Amino acid sequence: AYLNRIKEVDKTINAFITVDETQVLEQAKKLDEKRAQGKDLGRLAGVPIALKDNLSTRGLRTTCASKMLENYEPIFNAHVVDRLLAEDAIIIGKTNMDEFAMGATTETSYFGPTLNPINQGRVPGGSSGGSAAAIAADMVPVALGSDTGGSIRQPASYCGIYGIKPTYGVVSRYGCVAFGSSLDQIGPMGHSVADLAILLSVIAGYDDRDSNCLPEDRPDYLAALQADIKGKKIGIPQEMLDAVTNPAIREAVQEAAKIYESLGAEVETCHLDYLEASIPTYYLIATAEASSNLARFDGVRYGLRVEGKDVVSMFKETRHDGFGDEVKRRIMLGTYALSAGYYDAFYLKALRVRRLIQNAFKDLFKTYDVLLTPTAIQVAPALGEHLDAVDAYRQDLLTCPVNLAGLPGLSMPFGELDGLPIGLQLIGDVRGDSTLISFAAALE
Ligand code: GLN
């Protein structure tokens with residue numbers, strides 16, 4: 001049924017880069033055999049799931065929406081993919097994204113933009129726009145995305161679905177093509193908080209192939225769905241509200257706050273320092289890390305090779321042809337920030353400001369259990385509205401500080417503006433993922 005639905009609507013929406021029908025039906029057949037043999041079935045038995053195309057899948061091409069990897073087939077699975085398969089989920093396909101996860105609209109994809117199923121003149125957000133659109137258009141019930149500066153939460157918000165970026169280190173990054181390694185996290189997207197909780201309980205866990213993976217046991221995310229929020233404290237950072245010009249979005253936050261109060265939580269306005277510094281800080285750190293991570297795409301080891309007269313010209317031609325404009329812009333920015341003479345002035349300074357932002361959040365979590373904010377500064381923009389880079393970068397104002405601090409963030413739909421969904425964000429303390437699930441479930 002889902003394959004048929006994809007055939008029916010994805011010609012226009014363009015949420016998927018790859019759907020290998022034969023592989024999908026084979027997985028389903030194997031599951032049927034397992035069932036017929038009376039074997040125990042996994043927690044996701046038969047559940048179709050879509051994966052952002054930066055998650056490595058053995059024998060299924062993984063393009064990062066780039067010409068560079070157009071025909072690249074990994075020889076290994078990402079850690080999360082193995083975990084999904086171990087629970088008998090069915091990988092239905094790979095979703096469209098901004099090239100190498102760099103963008104906020106899914107318009108930088110080599111495979112063309114994805115349309116927002118709620119209003120096809122709008123973008124689905126990005127960079128996990130394909131995953132969000134596939135869910136919103138019922139082409140798949142659940143999906144995984146990745147979030148470096150907002151790429152799960154912001155498209156979830158624009159498409160009216162749920163998404164969570166876990167605490168940095170809760171989910172192994174092994175097999176997720178690296179963008180900004182100190183910021184990247186893989187996370188679930190779905191129609192409900194329960195979908196997020198189930199998926200997170202499957203993909204979260206220690207893996208020694210990601211050196212930043214947290215060693216301790218993960219909490220019971222499903223039990224968190226039932227947990228009481230009575231007596232808990234919510235902070236609303238005034239600066240994050242002030243960043244949003246449309247009053248309807250600010251009102252949605254206040255409305256949600258009223259519901260939380262009626263459920264016995266305490267709500268207060270609070271202050272988050274250094275919010276305005278988070279965009280330049282994020283774009284220095286993310287581009288610096290990206291410039292180093294993307295050095296591996298040189299025509300030798302992965303994907304595209306364009307022959308030149310010697311090996312250096314081969315490197316040059318390959319990178320010239322293989323990368324799109326936004327990726328090139330970021331490699332240049334990052335290389336500049338890391339180069340001798342500029343390192344202290346840009347990269348090192350950004351690291352220091354990052355620590356200030358972390359500390360600002362730390363202070364707030366001495367008082368509050370969660371922070372409540374809009375997910376994005378606006379609802380889904382029109383296609384082509386944010387083609388200017390600096391303008392596009394501003395879209396991450398409310399999400400990227402969360403990555404800089406390594407915190408969990410959850411986006412949930414709450415009301416609408418001109419027929420477009422509004423998303424609210426819950427931000428938790430380090431390892432507070434289950435608290436976010438409790439708060440989101442209480443509002444659902
Ligand atoms: N929009 C942000 C960027 O372009 C975030 C991307 C992401 O989270 N992968 O860097």
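Q: Taking two residues to be in contact when their C-beta atoms, placed from the backbone, lie within 7 Å, what is I92 in contact with, leaving aside neighbours within four places in sequence?
A: I92 is in contact with Y2, V19, V24, P48, I49, A50 and V140. This is a predicted model, so those contacts are computed from predicted coordinates.

Q: Where does I92 sit, and is I92 buried or exposed?
A: I92 belongs to strand β3. I92 counts as buried because 27 C-beta neighbours fall inside 10 Å, and the cut-off for buried is 20 or more.

Q: How far is I92 from I234?
A: Their C-alpha atoms are separated by 38 Å, with the two positions 142 residues apart along the chain.

Q: What does the predictor say about confidence?
A: The chain has a mean pLDDT of 97, and 100% of its residues reach 70 or more. For the complex, the predictor gives an ipTM of 0.97 and a pTM of 0.98.

Q: On to the ligand. Which residues come nearest?
A: There are 13 residues around the ligand, and A101, A104, T148, G149 and S151 come nearest.

Q: How does that shell divide by class?
A: Five residues of the shell are nonpolar, six are polar and two are charged.

Q: Which peptide bond is cis?
A: The one from G126 to S127, with omega near 10°. S127 is in the loop between β3 (90-95) and α4 (129-136).

Q: Is S127 buried or exposed?
A: S127 counts as buried, because 34 C-beta neighbours lie inside 10 Å.

Q: What does S127 touch, not counting residues up to four places away in sequence?
A: S127 touches M97, D98, A101, M102, G103, T106 and S151. Two names come back from the ligand shell: A101 and S151 are among the residues that come nearest to the ligand.

Q: And how far apart are S127 and D147?
A: The two C-alpha atoms are separated by 8.0 Å, and the residues are 20 apart along the chain.

Q: Which residues have a positive phi without being glycine?
A: N14 is one of them, with phi of about 60°. C64 is another, with phi near 55°. D88, which follows α3, also has a positive phi, near 65°.

Q: Where are N14 and C64?
A: N14 is in the loop between α1 (2-13) and β1 (16-18). C64 is in the loop between β2 (48-52) and α3 (79-86).

Q: Buried or exposed, those two?
A: N14 is buried, with 21 other C-beta atoms within 10 Å. C64 is buried as well, with 31 other C-beta atoms within 10 Å.

Q: Since α3 came up, which of its residues are buried?
A: H79, V80, V81, R83 and L84.

Q: What do they pack against?
A: The buried residues of α3 pack against β2, β3, β4 (142-147), β6 (185-190) and α6.

Q: And α15, why is that helix described as largely enclosed?
A: Helix α15 (residues 433-443) has eleven residues and nine of them are buried, so the rest of the structure largely encloses this helix. The buried ones are D433, S434, T435, L436, I437, S438, F439, A440 and A442.

Q: Which elements do the buried residues of α15 pack against?
A: β5 (162-165), α6 (193-203), β9 (370-374), β10 (409-417) and β11 (420-428). So α6 is listed for the buried residues of α15 and for those of α3.

Q: New topic: how do α9 and α11 cross?
A: The axes of α9 (residues 278-293) and α11 (residues 325-338) come within 7 Å and cross at roughly 100°. That makes α9 roughly perpendicular to α11.

Q: Which residues make the contact?
A: From α9, L284, T287, A288, A290 and S291. From α11, R330, I331, L333, G334, T335, A337 and L338. By class, the contact has seven nonpolar, four polar and one charged residues.

Q: Last one, C400. Where is C400, and what does C400 touch, leaving out residues up to four places away in sequence?
A: C400 lies in helix α14 (residues 400-404) and touches G149, G150, S278, I279 and Y282. C400 counts as buried, because 26 C-beta neighbours lie inside 10 Å.

Q: How far is C400 from N14?
A: 26 Å in space, C-alpha to C-alpha, and 386 residues apart in sequence.

How values were computed. Residues are numbered from 1 along each chain as its sequence is written. This is a predicted model: local features need pLDDT of at least 70, side-chain atom pairs count only at pLDDT 80 or more; totals for chains, interfaces and linings use all residues. A residue is near a molecule or strand if its C-beta atom, placed from the backbone, lies within 6 Å of it. Ala, Val, Leu, Ile, Met, Phe, Trp, Tyr, Cys and Pro count as nonpolar, Asp, Glu, Lys and Arg as charged, and the others, Gly among them, as polar. A residue is buried if 20 or more other C-beta atoms lie within 10 Å of its own, exposed if 12 or fewer, and partly exposed in between; C-beta atoms are placed from the backbone. Helices (H or I, at least four residues) and strands (E, at least two) are DSSP runs, numbered from the N terminus. Axes are lines fitted to C-alpha atoms, for helices over the stretch in contact, and angles run from 0 to 180 degrees between N-to-C directions. Angles under 35 degrees count as roughly parallel, over 145 as roughly antiparallel, 65 to 115 as roughly perpendicular and the rest as oblique. pLDDT is the predictor's confidence in each residue, from 0 to 100.
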